[in-house]
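Trainee: I am new to reading protein models. Could you go through one with me, step by step?

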Amino acid sequence: MVDRTNRCYRLRRRPDGLVTPQDLELVEEGIPPLRDGQALVRTSWLSVDPTNRIWMSDLRGYLPPVAIDAVMRGLGIGEVVESRRDDFPVGAHVTGMLGFQDHCLVDDALLEAPLTVLPDPLPAPPQALLGALGHTGITAWLGIEDICRPAAGETVVVSAAAGAVGSIAGQLAKARGARVVGLAGSPEKCRHVVEDLGFDACVNYKDLDWAEQLARATPDGVDADFENVGGEIMDAVLLRLNIGARIALCGMISEYNDYGPGGGSTVPGQRAIGQLIMQRATMTGFLVLDHAARFPEAIAALAALAAEGRLRWTDTVVDGFESTIDALNQLFAGANTGKLLVRV
């Protein structure tokens with residue numbers, strides 16, 4: 001029998017700093033009987049991503065802010081448990097914007113974006129389809145392939161190197177023959193990045209002399225930067241750029257918790273941005289959502305490297321839907337290694 005209760009997180013107010021239960025309220029609501037043209041998906045995995053925090057603010061973004069009192073936007077994978085439409089049969093696995101809820105009503109008139117029915121059997125574990133072989137892996141592939149474009153022997157820096165996107169981006173740069181230097185937030189993460197993922201070096205940005213360590217790790221300068229952090233870390237990398245360097249601006253997680261109510265930010269901005277002029281460098285912002293037509297190409301490339309043993313990944317799994325807020329805050333505390341997921 002299908003559970004007729006839906007647990008969901010509704011956005012009650014714009015967060016100021018870390019997310020609290022007063023910002024995202026966990027509520028239980030009834031699920032009405034399905035009408036023709038509807039299906040019901042039970043969420044099994046939720047993806048926890050930095051962009052979740054952006055969507056909670058009033059900041060001008062690539063998607064509208066989540067409306068107050070609406071179910072929190074989020075990616076996930078689930079299984080169809082009830083259906084009155086042929087394209088979503090019972091038992092099918094589905095991915096897309098399921099939202100922060102344990103049941104998603106599939107209704108074309110209500111969904112913010114279409115959901116995708118996955119192949120049967122699944123081509124990979126659900127965790128991988130939300131991570132290295134999903135949107136995070138594709139993001140890394142796009143940034144390396146289209147923007148950084150490292151040649152053999154060039155030096156590539158990857159910030160948040162132990163995170164979901166950075167860990168894949170660095171390995172993709174290595175596969176192209178580059179020398180790859182990561183930045184991560186602990187000795188254990190730096191060990192993982194070098195010994196498990198194959199980076200050439202990794203700097204712990206929590207060390208007092210991290211900027212000097214970065215300079216020593218990039219004696220020939222930086223030819224490409226896969227940027228996930230922003231702030232003083234990005235400034236230090238900008239000051240190491242070589243002439244003609246390329247920067248793939250994927251994220252700036254260091255400032256997302258500074259997006260307060262009303263879309264304001266206390267972040268002063270980058271101080272070394274003028275280096276783009278001095279070094280005739282280019283910086284390109286990009287979004288994975290703009291490249292849906294290339295997803296099959298990216299997934300094929302990532303899967304091929306994984307099959308050759310040249311692409312590895314780690315997941316940090318938080319159990320229990322009720323732990324979603326804690327998981328989101330873990331992301332901004334740097335408590336995760338690799339992809340952060342909630343097993344509902």
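The talk below goes through a predicted model, taking up strands, salt bridges and the spaces inside.

Trainee: Let's begin with strand 11. Is strand 11 mostly covered or mostly open, and how many of its residues are buried?

Mentor: Good place to start! Strand 11 spans residues 222-227. A residue is called buried when its relative accessible area is under 20%. Strand 11 is mostly covered, and the number of its residues that are buried is six of six.

Trainee: Which residue of strand 11 is the bridge partner of Val-157?

Mentor: Strand 8, residues 155-158, runs parallel to strand 11, and three bridges join them. Within this pairing, look across from Val-157 to strand 11. The partner you will find there is Asp-225.

Trainee: And which residue of strand 12 stands opposite Glu-227?

Mentor: Strand 12 covers residues 241-249 and pairs with strand 11 in the parallel sense, over five bridges. Follow Glu-227 across to strand 12. The residue opposite is Leu-249.

Trainee: What is the handedness of the crossover from strand 11 to strand 12?

Mentor: Trace the chain from strand 11 and you pass through helix 7, residues 231-238, before you arrive at strand 12. That path is a β-α-β crossover. Its handedness is right-handed.

Trainee: Now for charges. How many residues apart in sequence are the parts that Glu-82 and Arg-4 tie together?

Mentor: The structure holds 25 salt bridges, and one of them joins the side chains of Glu-82 and Arg-4 at 2.5 Å, N to O. Glu-82 belongs to strand 4 (residues 76-83), while Arg-4 sits in the segment before strand 1, so their bridge links parts of the chain whose separation in sequence is 78 residues.

Trainee: In the salt bridge between Arg-85 and Asp-108, which residue is buried?

Mentor: The closest N and O atoms of this pair are 3.4 Å apart. Arg-85 comes from the loop between strand 4 and strand 5, and Asp-108 from the loop between strand 6 and strand 7, so the bridge ties together parts 23 residues apart in sequence. Asp-108, with a relative accessible area of 60%, is exposed. At 13%, the buried residue is Arg-85.

Trainee: Let's turn to the spaces. Which strand gives the most to the lining of the second largest pocket?

Mentor: This pocket holds about 570 Å³ of space and is lined by 27 residues, with Val-71, Leu-98, Gln-101, Cys-104 and Leu-110 nearest its centre. Strand 1, strand 2 and strand 6 each supply at least two lining residues. With three residues, the strand that gives the most is strand 6.

Trainee: How many residues in that pocket's lining are nonpolar?

Mentor: Sort the lining of the second largest pocket by class. Seven residues are polar and four are charged. The nonpolar ones number 16.

Trainee: One more, please! Which helix supplies the largest share of the lining of the largest cavity?

Mentor: The structure holds one cavity of 30 Å³ or more, and about 50 Å³ of space lies in the largest cavity. Among its lining residues are Ala-164, Ser-167, Ile-168 and Trp-313; by class, the lining has four nonpolar, five polar and two charged residues. The largest share is three residues, and they come from helix 4.

Methods: Residues numbered from 1 in each chain as written. Predicted model: local features only at pLDDT ≥ 70, side-chain atom pairs only at ≥ 80, totals over all residues. Heavy atoms only, no water. 1 Å grid on protein atoms, 1.4 Å probe; cavity = no way out; pocket = protein on both sides within 12 Å on 5 of 7 lines; lining within 4 Å. Points joined across faces, edges and corners; volume = space filled by probe spheres on them. Helix = DSSP H or I, 4+ residues; strand = E, 2+ residues; numbered from the N terminus. Nonpolar A, V, L, I, M, F, W, Y, C, P; charged D, E, K, R; others polar. Salt bridge = Lys/Arg side-chain N within 4 Å of Asp/Glu carboxyl O. Buried < 20%, exposed > 50% of the residue type's maximum accessible area, 1.4 Å probe, protein only. Pairing = 2+ DSSP bridges. Right-handed = clockwise from strand over helix to strand, strands pointing away.
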